[in-house]
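I opened this entry to record, step by step, what I looked up in the model and what each look-up returned.

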Amino acid sequence: MAAAAAPVCVLVLGMAGSGKTTFVQRLAAHLHGQRCPPYVINLDPAVHSLPFPANIDIRDTVKYKEVMKQYGLGPNGGIVTSLNLFATRFDQVMKFIEKRQNASKYVIIDTPGQIEVFTWSASGTIITEALASSFPSVVVYVMDTSRSTNPITFMSNMLYACSILYKTKLPFIVVMNKTDIIDHSFAVEWMQDFETFQDALNQETSYVSNLTRSMSLVLDEFYSSLKVVGVSAVLGTGLDDFFVQLSKAVDEYEREYRPEYERLRKTLEKAQNKQKRDQLEHLWKDMGTVCMQGNNPLAGSDDASAMGPSELILTRGTLDEEEEERESDTDDIDHEVTEESHEEPAFRNFMQETRMKYQRRSNQNESDPQK
């Protein structure tokens, strides 16, 4: 029996209002209709409700409002910190994807509408590189075509797309959404015919038009290799063309990007193994110091078992925890499993024995105050 092909990870990025989430919904519905159900991951902690079922939802793992409250952050800072906290457990997400690779040909990842939060944050880089080092990965940039009829706005969008391409270092597809409002042919013509774009720019008199004219020459090479497809997320048109471009992007990944990520993965594994050894060594030293102390102020207190970061946030974080777990039908991260899965059995036993020693010492101190 042949081994199952690795699923294709589709990272969907887009500015607020571009129709990114609607596109993910349409993409998932299309694949379900083709009897090829995708594995869907939501990475937007601030979204109120999702129009599609998510197998993994960051909101089940990190409480966005609790993050804002505990760290004293605004909305964008809360999203960045939520993503950072989630990224610390992204290895669990990778395990879920690996388990589902026989059932799902595609993994669709919806990202926050504040596009810079994912693109330029450390957690965004960690998540992107983790996916790309194990699975064929493609970045999809959803663009609002109806808002790009102005040549200067169009150029701003293209510059942003270019920056994302060079930041992620992955195959890249521009999805010109909302073709039900206006056809995307004008944008394709601007990309292919420099003179047509210049004619459109001649109607602009601001100094920005001169900069845009210069930038269009710079982006000429970027346009030549860019995969572009027009889509209406509302009507569902253009999806067949999108999957044609997606197939080409996967071939590009296998040909040009996989060798680099294989090298990167080996380098990261060596660095991570060294880091884990160093962390474990420091922890043993710290625990040895604590065990030698005759009177530990944390002994017997709730803080004695608080070994991980921010339990208020990284568990479900509400008083209705059991009720939420009953209502959830997603494959979100089980944090009890997560905590244990990182530890070797011998290490877990060591931690349990240490906690028992703390508890016994605390009980002795309570029974004999003079001791």
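I began with C9 in this predicted model, and I noted that its relative accessible area is 0%, so C9 is buried, the cut-off being under 20%. I then turned to C36, where the relative accessibility is 19%, and because buried means under 20%, C36 also counts as buried. With cysteines in mind I looked for disulfides, and I found that the structure holds zero of them.

Next I went to helix 7, which covers residues 151-168, and asked how its span compares with what 1.5 Å a residue would predict. For its 18 residues the expected span is 26 Å, and I found the C-alpha atoms at its ends 26 Å apart, so the two values agree. I looked at the N-terminal end of helix 7 and saw that N150 caps it, with a side-chain oxygen 2.8 Å from the backbone nitrogen of I152. I152 is itself among the buried residues of helix 7, which also include P151, F154, M155, N157 and M158. Further along the helix I listed A161, C162, I164, L165 and T168 as buried too. After helix 7 comes K169, and I wrote down that its phi is positive, near 55 degrees.

Last, I looked up S247, which I located in helix 12, a helix that runs over residues 239-292. Is S247 buried, partly exposed or exposed? Its relative accessible area is 41%, which lies between the 20% and 50% cut-offs, so I entered S247 as partly exposed. I also checked S247 against V8, and although 239 residues separate them along the chain, I noted that their C-alpha atoms are 9.5 Å apart.

Methods: Residues are numbered from 1 along each chain as its sequence is written. This is a predicted model: local features need pLDDT of at least 70, side-chain atom pairs count only at pLDDT 80 or more; totals for chains, interfaces and linings use all residues. Side-chain values use heavy atoms; hydrogens and water are left out. A disulfide is a pair of cysteine sulfur atoms within 2.5 Å. Buried means under 20% relative accessible area, exposed over 50%, partly exposed in between (1.4 Å probe, protein chains only). Helices (H or I, at least four residues) and strands (E, at least two) are DSSP runs, numbered from the N terminus. The expected span of a helix is 1.5 Å times one less than its number of residues. A polar contact is a pair of N or O atoms within 3.5 Å; within protein, one must be able to donate a hydrogen and the other to accept it, and residues adjacent in sequence count only if both atoms are side-chain atoms.
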